[in-house]
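Here are some notes to read alongside the structure. Take them one at a time, and look for each spot in the viewer as you go.

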Amino acid sequence: MERLKILFLMAFRSLGGHKIKGLIVGSLLAFGTFLFVLGTTMLENIERAMEASITRSITGHIQLVSAHAVDRLTFFGPEASAEQDIGVLPDFSRVRDVASKVPGVAAVVPMGRYYGQPILNTELDEAIEALEEAFAQKDPAAIEDRISKVRRMTARLKEDYLRAASLAANPEEHEKARAALDRATSDEFWTSLRENPEEGLQFLAFEIAKLSDDESMLYLPFIGTDLHRYAESFVHFEMVAGELPPPGTRGILISQASYDQFFKNRPARVLDLIHEAKTLDHRTIADDAALQDQVKRLQEMTAQVTMHLSPRAAAELDAKLRERFPEVEGDLDARLAAFFRVDDENFAERYEFFQKEIVPHIPLYRVPIGGTFTLRSMTKSGYPKAVNVRLWGTFRFKSLERSELASAYSLIDLASFRDLLGLMTAEKKRELDAIREEVEVAELEADDVEAALFADAPVIEEGGEEGLDLDARLAALDRPTEEDSETFDPAEIEKGTILHAAVVLEDPSRLREVMASLQEAFDREGLEVKPVPWTEVTGIVGQLVVVMRAVLYVLIGIVFVVALVIINNSMVMATMDRIGEIGTMRAIGARRGFVLALFLLETLVLGLLASALGAAGATALLALLGQTGIHTHQPFLIFLFGGTALHPTIDVANVVWSFAMIVLISVVSTLYPARLAARVAPVVAMQGKE
């Protein structure tokens, strides 16, 4: 103990006598510790938040896919936009029964990731249909009101079409379209329409409406699932508007972000985007080129407002805008364009005016909640398939409202999803079996196929009740139908084919353990299913934390290598400066082990003090951030943070690891100069003095 006490006293005295060296070395060690504690703690918090964002909203903790999958199931990134051959799970009920019995599994949710094309009427289509309805009801007031609306829309369509005349690829088609527009905008046509509506409405529907292109074509990524089980299993899920469809009822739920982006009136949507940028992101129109571009686009969208206004509403709006812009000549579109010329000073007032005075008079969304639209896709066998789906409501994931990644997918009932992809259900299997039995299709072994193909067998002629051959009747199962039943047997959800399934765990920390148990259970039951962790199915997003961790560790490694070199050089120089002191200690009886221990202890004490200072600084900063939070309104960061704010918590393990790293760095960097000092002989020290 006396010896240890002497060593500590001498170590502290030596540190006090070499302050510059201590300051340089200590600063490096303190910075390395600060960076290690802060970086690893922040990464672990981000990883936990991102895991919660993904696993509690979209993928679950584990995805179950076919063991014969050719491609990797991916929800995000470039791979998600490409066709994925992941095979199928032919019997979900068996997969669910086996997986549900594995300890740690909280829920098994059927899934299928795909995309479809909503087939929406253009705004001109809807206006013509409304005019046709007014004629059917023989309502003179409604007829005149809707004629006025369609006339405004066709006049605007003609202006837009003529503006793009130079881009026409087919001059003959262009001239034909121009002639049709000339007729549709003439007074004679509208006079004849009132006298003979049938012929005029057909002309509008088949010749004019097809010229309207108002971004009706879009692709909607969706997940086919059991909507009620999904809502129960994914805790971030919450309805925004509407309701879940009753059990056994077909329907779709669209994410609120997608609903706003693709279905909302375009001027209203652009105004919302500018409003969010100014209020949430604190951007200004004067300094932001992107916002300035949106303002220019907004001034070209006046027709998206005026075409929806009734004559009375249009007259009232025109009067109000005349008071605001008496200097503007022209029609309502010209005054509305002046109104849309917003800047940082007038935006708030004009945004409020738009919401109060204009929104009530226009359809805000192209498909209202409760409305029905057609969703088209391609089946697995390559045929187009369309189903009519009712929009039951919109949803979002808690704290992830502005995250584009979390809002990428909409949700559709599994029965409609199976129809869109042509996946096998019990009902379809019975229909196929009936067809096979009717045409006497026989099962053949592989060795008998060639003989059957080239034998002199009778050819099946077209016939039967529908006059279709076997191939045509099988293909008809995948073709678009005019009308789909709005209900289905809920028991069918458990039966038939799915693409993949989500597994939600009771304890996410047991991920690898549960995956091993699932694989063992599937192998035991003879099911060709493999579990895949959420980090793999999220593609590049799931690997982001791995990349960030690698970058951090490389940075910390560089700091520690630099620290090691500097400490080593400093200690060597300090050793050379202290040769006389070392020789004196050796002359009065100090052994080499004592000198070695003294040098190691000096650096160790310096390392502990520096690491304590660095760890204290990092801990204080993390505690402050935990209270105030790291706030963001950037969509991608919202996804990483699991919300608009990240409140990091301190992990004691990271602090302990930092101290261990500093001890290791200190000892390693001091070994060589300490051994050099221990080898100094007293006679050498005396010669150095002389």
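1. Of the 690 residues in the protein chain, 47% are buried. Keep in mind that this is a predicted model. The surface that the chain exposes comes to about 34,800 Å², and carbon and sulfur atoms supply 56% of that area.

2. Next, the overall make-up. The secondary structure of the protein chain comes to 28 helices and 13 strands. If you take the contacts in the chain with a separation of 6 or more, 79% of them join residues 24 or more positions apart.

3. For one pair that is far apart in sequence, find Leu29 in helix 2, which covers residues 19-55. How far apart are Leu29 and Ala612 in space, C-alpha to C-alpha? The distance is 9.7 Å, although 583 residues separate Leu29 and Ala612 in sequence. Leu29 has a relative accessible area of 0%, so it counts as buried, a label given to values under 20%.

4. Now go to helix 17, residues 414-421, where eight of the eight residues are buried. The buried residues are Leu414, Ala415, Ser416, Phe417, Arg418, Asp419, Leu420 and Leu421. What covers them? The cover of the buried residues of helix 17 includes strand 2 (105-111), strand 3 (113-119) and strand 4 (220-225). It also includes strand 7 (372-378), strand 8 (384-397) and strand 9 (410-413).

5. Two packed helices are described by the angle between their axes and the distance between the axes. Try this on helix 7 (residues 187-195) and helix 8 (residues 197-208), which pack at an angle of about 130° with their axes 6 Å apart. Helix 7 is therefore oblique to helix 8. On the helix 7 side, the contact is made by Phe189, Trp190, Leu193, Arg194 and Glu195. Helix 8 contributes Pro197, Gly200, Leu201, Phe203 and Leu204. By class, this contact of helix 7 with helix 8 has seven nonpolar residues, one polar and two charged.

6. Another packed pair is helix 14 (residues 311-324) with helix 16 (residues 347-358). Their axes are 12 Å apart and the angle is about 160°. Why is helix 14 called roughly antiparallel to helix 16? Because angles over 145 degrees count as roughly antiparallel, the angle of about 160° puts this pair in that class. The crossing of helix 14 and helix 16 is right-handed. Leu317, Lys320, Leu321 and Arg324 of helix 14 make the contact with Glu349, Arg350, Phe353, Glu357 and Ile358 of helix 16. This contact of helix 14 with helix 16 divides into four nonpolar, no polar and five charged residues.

7. Finally, check two backbone angles. Most residues other than glycine have a negative phi. Lys138 has a positive value, with phi near 55°. Where is Lys138 placed? Look in the loop between helix 4 (123-137) and helix 5 (140-163). Lys138 is exposed, with a relative accessible area of 71%.

8. His282 also calls for a look, with a positive phi near 60° in a residue other than glycine. You will find His282 in the loop between helix 11 (266-279) and helix 12 (289-299). Is His282 buried or exposed? His282 has a relative accessible area of 64%, so it is exposed, the label for values over 50%.

Definitions and conventions:
Residues numbered from 1 in each chain as written. Predicted model: local features only at pLDDT ≥ 70, side-chain atom pairs only at ≥ 80, totals over all residues. Heavy atoms only, no water. Helix = DSSP H or I, 4+ residues; strand = E, 2+ residues; numbered from the N terminus. Buried < 20%, exposed > 50% of the residue type's maximum accessible area, 1.4 Å probe, protein only. Axes fitted to C-alpha atoms, helices over the stretch in contact; angles between N-to-C directions. Left-handed = near helix turned anticlockwise from the far one by under 90°. Contact = heavy atoms within 4.5 Å. Nonpolar A, V, L, I, M, F, W, Y, C, P; charged D, E, K, R; others polar. Areas by Shrake-Rupley, 256 points an atom, 1.4 Å probe, with all protein chains shown as cover. Parallel < 35°, antiparallel > 145°, perpendicular 65-115°, else oblique.
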